[in-house]
Amino acid sequence: MSQSKDIQFDGLYAHELTVSRSEQILLEDADLHLAPSTITYLYGENGAGKTSLMRCLAGLLPSDQGSIYWNKQPINHPDSSYFQDLIFLAHSLSMKNELTIAENLSFYANLRLKGGISQQSLSKQISDVLLELGIGGLENRMFAELSAGQQHKVALARLILEPAKIWILDEPFVNLDQKTRGWLAAKTLEFKNNGGVVLFTSHHHIDELPVDQKVGVEHE
Ligand SMILES: Nc1ncnc2c1ncn2[C@@H]1O[C@H](COP(=O)(O)OP(=O)(O)OP(=O)(O)O)[C@@H](O)[C@H]1O
């Protein structure tokens, strides 16, 4: 990642990004700007490279070339708050099967809040958000024992429990019932209206969620 030049863009800015997998170039010299208070919809066919781009923006996959800036600073700069500000919800959900729902959510919340909340308050917040999501009372169930949709809801609870400034969401609407789709769309809009940056993928149009920008990743 190159050192900071005169970057003018707030939010997330990727400059001349080249991303490849298995020697296949998915994205070449691409510029992408995700401004504060915007929702960006990332679209493309299966295998086009959406997840790869998101993983790259989340710092999990190295780019071949290019630079990524968060509020004008390279994301891997020691002073950057990027990884503290980012929630990346991967398609895989990144939850431990052998932990309960409450344990999984507490683990992530404690990482980000760094002890800034009492465990009692956190437990209450977890119960409240699970209730909101229609899975109230399942706090002590093992993650592995839930349905696909219920597991997905647990991952979404992170968006409420953890303060963040940017959400990168890989297919966040998949497996959700209509009520929860509406809930997620409303929370996403609220986050955007509070200055948040949102990037999400979906294979289906989400009627409930107006977007500010559409970005396509396409096969050659
Ligand atoms: N772990 C991996 N190792 C090697 N190649 C990979 C890996 N993951 C994905 N790829 C390849 O990278 C390309 C892009 O995959 P990616 O998952 O980014 O696409 P996508 O647009 O998210 O697809 P989908 O809509 O099916 O989720 C594909 O050709 C895929 O085979």
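**A quick tour, strand by strand and helix by helix**

Start by selecting W167: its bridge partner in β8 is V198. Keep in mind as you click around that this is a predicted model.

Now widen the selection to residues 166–169, strand β7, and residues 197–201, strand β8. The two run parallel, and four bridges join them.

Next, bring in the rest of the sheet. It's an open one with five strands, in the order β6-β7-β8-β3-β9, and the pairing is parallel. Colour β6 (86–89) and β9 (213–216): these stand at the edges with a single partner strand each, so one side of each has no neighbour in the sheet. Look along the sheet and you can follow its turn, with neighbouring strands set at 15° against each other on average, direction ignored.

Time for the ligand. Which residues should you select around it? Pick R21, S22, Q24, L26, G44, N46, G47, A48, G49, K50, T51 and S52. By class, that shell has eight polar, two nonpolar and two charged residues. Both β2 (24–34) and α1 (50–57) supply at least two residues of it, and α1 gives the most, with three.

Last stop: select helix α4 (residues 119–132) and helix α5 (residues 148–161). They pack at an angle of about 125°, their axes 10 Å apart, and are therefore oblique to each other. The crossing of α4 past α5 is right-handed. To see where they touch, show side chains for Q125, I126, V129 and L130 in α4, which meet A157, I160 and L161 in α5. That contact has six nonpolar residues, one polar and no charged ones.

Notes: Residues are numbered from 1 along each chain as its sequence is written. This is a predicted model: local features need pLDDT of at least 70, side-chain atom pairs count only at pLDDT 80 or more; totals for chains, interfaces and linings use all residues. Axes are lines fitted to C-alpha atoms, for helices over the stretch in contact, and angles run from 0 to 180 degrees between N-to-C directions. Angles under 35 degrees count as roughly parallel, over 145 as roughly antiparallel, 65 to 115 as roughly perpendicular and the rest as oblique. A crossing is left-handed if the near helix is turned anticlockwise from the far one by less than a right angle, and right-handed if clockwise. Two residues are in contact if their C-beta atoms, placed from the backbone, lie within 7 Å. Ala, Val, Leu, Ile, Met, Phe, Trp, Tyr, Cys and Pro count as nonpolar, Asp, Glu, Lys and Arg as charged, and the others, Gly among them, as polar. A residue is near a molecule or strand if its C-beta atom, placed from the backbone, lies within 6 Å of it. Two strands pair if DSSP finds at least two bridges between them.
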